[in-house]
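Reader: I'd like to learn how to read this one feature by feature. Can we start with strand pairing and work up from there?

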Amino acid sequence: MAYGPHTTEDRARMLAAIGVDSVDDLFADIPASLRASGLQLPPPESEAELSTRLRDLADRNRVELIGFLGAGAYRHFTPAVVDQLLLRGEFYTAYTPYQPEISQGTLQTIYEYQSLMAELTGLDVVSASHYDGATATAEAALMSCRATRRERVLVSRGVHPHYRETLCTYFGGASLAADEIPLVAEGPAAGTTDAAALERLLTDPERPVAGVIVANPSFFGLLEPMSEIGRLAHAAGALFVSVVEPVSLAVLASPGEYGADIAAGEGQSLGIPLAYGGPYLGILACREALVRQIPGRLVGMTTDIDGRRAFVMTLRAREQDIRREKAASNICTNQALCALAASMYLAALGPHGLRDVAALGAARAAELEMALAAAGAPRLHPGPYLNEFAVRVPGAAAVHARLVGRGILAGLPLARAVPDDSSLADALLVCATEVTTSEEIAAFAAALREELSGSAADERAAAGPEVAAR
Amino acid sequence: MVPGDLRYTKEHEWVRTEGDLATVGITDYAAEQLGDIVFVELPEVGRTVTQFAPIGVIESVKAVSDLFAPLGGEVVETNAELATAPELLNSEAFGGGWILRIRMADPTQIDGLLDAAAYDALISEA
């Protein structure tokens, strides 16, 4: 095989062989607005000038805000030991070092990560990780279709809207159907997945369901009736997929305990910085019976010919580079460094430490709930939550913007995240973790009280039209 | 030379018929090409299969290969030994390594399969 670059004739022959007119046709699925059209770079600068330019750009980020934003990515404290150990060259810069002959250390770290996630989720098999919670959820949905040979899944509206969008992107390409399970509108279970509606959705004999996907806690922070939902799913021959938040698993029942077949989740809470929305960590786990359906890499423990313990990548023949279009996934990579960070974080905290993180977050959230209610923003839903919940705030989007001006990031305006639900138009999704302080909660509540009581509006009006318009 | 009393498919399955039952396996040629077989994914008993549809998976250390139904009908039995001894496909491809039994819906489908001579010719060209 020649290793020179393609000639024009090479390209023409390849295009003819696959029946495509031009290379651009292969990218037809990418919206025109997102396609690259050349790079317009400014002239080169010295390292010092460029550093200054980048620092000015970075200064535009509001990193000093007191944060109550969760919605899938959470502020946590990461012990310094994690960041320090990650910098080791063997970890930081190694690219896919998986040959067992020379990578026993790397393979062992992945095996430890898999073992830790198995403990947290209460399931038997864990993959070496995926890009993020959204893709892990989509892969779990695809797994349920493959395993049951059915073509339809049911996804609760309590699953993160981004995860549902990603799932639909995956399903669109595969001609599979993803239908929504509505949430209860009123009463003590308002905001949680509607089990009665789920039961009705499961009864269509023409369209059997492969998997039922519910998050616990939900996107709205609420605890869901997982055992009940699992029972309904299994009664209809469907698999039960649970979308989880790993820190919560230290205090909540695990997917294995409430009968989930597959668990998917976002591992960012485990020692991975918020950064700019990534890189994050997709967690995927399943029961033993589904081990040959789980996508991604798997590291296993075995013995070498001298009887010594050894680690290897296992079930390799199932991966995309060998199984091709019949593989479990088009993706056969993982987030090794992020998975390693998660393992180090868990090792540094230990099971008691992780429980403390979850419990402290819950305690702070209870404090936050009382403070916000007293300030005029009561909870939207009545049911139990762990450390995240929605509050009713008239003019939520505008109040949120003004609070940012006062140095407070008041969670997420739900109208932005879930625009098709008018009952969420005047709501903010707020969250507290172990790093939230009572002072921060007091500052948030005080500022919110001023905004809601109109005194802030009065001040602005008194200051003149230019200021009032801000 | 493969056993003369069996019929074969282009995908290297063999078939032995007794009445309306067809016993199915893969040839020793196929097993050798695959290498050490580590897992066999079997269809459920009771499942209706159509001729030449994929009905199972045979996994070796280096490849994962589909198993195709040589005939249409109902799966009435699968070889339970394969769960613990998948290597039977390598060691006893035509005997103890049988994979499943189908009650044939249309026994005339057998006539469309290769005989031993035709199968031998196929693999010698490969």
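Author: Happy to, and keep in mind that this is a predicted model. Strands of a sheet pair through backbone hydrogen bonds, either parallel or antiparallel. For a case, look at chain B: B:E18 stands opposite B:L21 in β3(B).

Reader: How many bridges join strand β2 of chain B to strand β3 of chain B, and do they run parallel or antiparallel?

Author: There are 6 bridges between β2 (residues 13-18) and β3 (residues 21-26) of chain B, and the two strands run antiparallel. Their hairpin has 2 residues between the strands, and B:G19 takes a positive phi near 65° there. Strand β3(B) also pairs with β9 (residues 100-104) of chain B, through 4 bridges, again as an antiparallel pair. In that pair, B:V24 stands opposite B:L100.

Reader: Now chain A. In what order do the 7 strands of the open sheet come?

Author: The order is β2-β8-β7-β6-β5-β3-β4, with mixed pairing. At the edges you find β2 (125-126) and β4 (177-181) of chain A, each pairing on one side only. For a parallel example, take β6(A) and β7 (residues 262-266) of chain A, joined by 4 bridges. Within chain A, A:V244 stands opposite A:G265 in β7(A).

Reader: Which strands of the sheet does helix α5 of chain A touch?

Author: Helix α5 (residues 104-121) touches β2, β6, β7 and β8 (282-286) of chain A, and its direction makes about 65° with that of β8(A). Helix α6 (residues 133-148) of chain A packs on the sheet as well, touching β3 (152-156), β4, β5 (211-216), β6, β7 and β8. The direction of α6 makes about 165° with that of β7(A).

Reader: Let's zoom in on one residue. Is A:S242 buried or exposed?

Author: A handy way to judge is to count neighbours: 20 or more other C-beta atoms within 10 Å means buried. A:S242 has 30, so it is buried. This serine is found in strand β6 (residues 239-244) of chain A. Beyond its sequence neighbours within four places, A:S242 is in contact with A:V214, A:N216, A:M226, A:P255, A:A260 and A:A263. The C-alpha atoms of A:S242 and A:S254 are separated by 9.4 Å, with these positions 12 residues apart along the chain counted as their spacing.

Reader: And which residues have the most contacts inside the largest nonpolar core?

Author: They are A:V212, A:I213, A:V241, A:I262, A:A342, A:V391 and A:L428, in a core of 117 residues. Helix α11 (residues 336-374) of chain A gives the largest share, 16 residues. Domain 1 and domain 2 of chain A each contribute at least three residues to this core. Leaving aside neighbours within four places in sequence, A:I213 is in contact with residues including A:T137, A:A141, A:V153, A:V241 and A:V243. Another core, of 30 residues, lies apart from this one, and B:V24 is among its members.

Reader: How do the two domains of chain A meet, and how many residues of each are in contact?

Author: The assignment gives domain 1 (66-74 + 350-468) and domain 2 (81-345). Their C-alpha centres lie 30 Å apart, and 22 residues of domain 1 are in contact with 24 residues of domain 2. On the domain 1 side, the largest share, 5 residues, comes from α11(A). That side divides into 17 nonpolar, 3 polar and 2 charged residues.

Reader: Last one: how many residues does the contact take from chain A and from chain B?

Author: It takes 5 residues from chain A and 7 residues from chain B. The chain A side has 2 nonpolar, no polar and 3 charged residues.

How values were computed:
Residues numbered from 1 in each chain as written. Chains lettered and ligands numbered in written order. Predicted model: local features only at pLDDT ≥ 70, side-chain atom pairs only at ≥ 80, totals over all residues. Core = buried A, V, L, I, M, F, W, Y, C linked by C-beta atoms within 7 Å. Buried ≥ 20, exposed ≤ 12 C-beta atoms within 10 Å, placed from the backbone. Domains from an automatic or database assignment. Nonpolar A, V, L, I, M, F, W, Y, C, P; charged D, E, K, R; others polar. Pairing = 2+ DSSP bridges. Axes fitted to C-alpha atoms, helices over the stretch in contact; angles between N-to-C directions.
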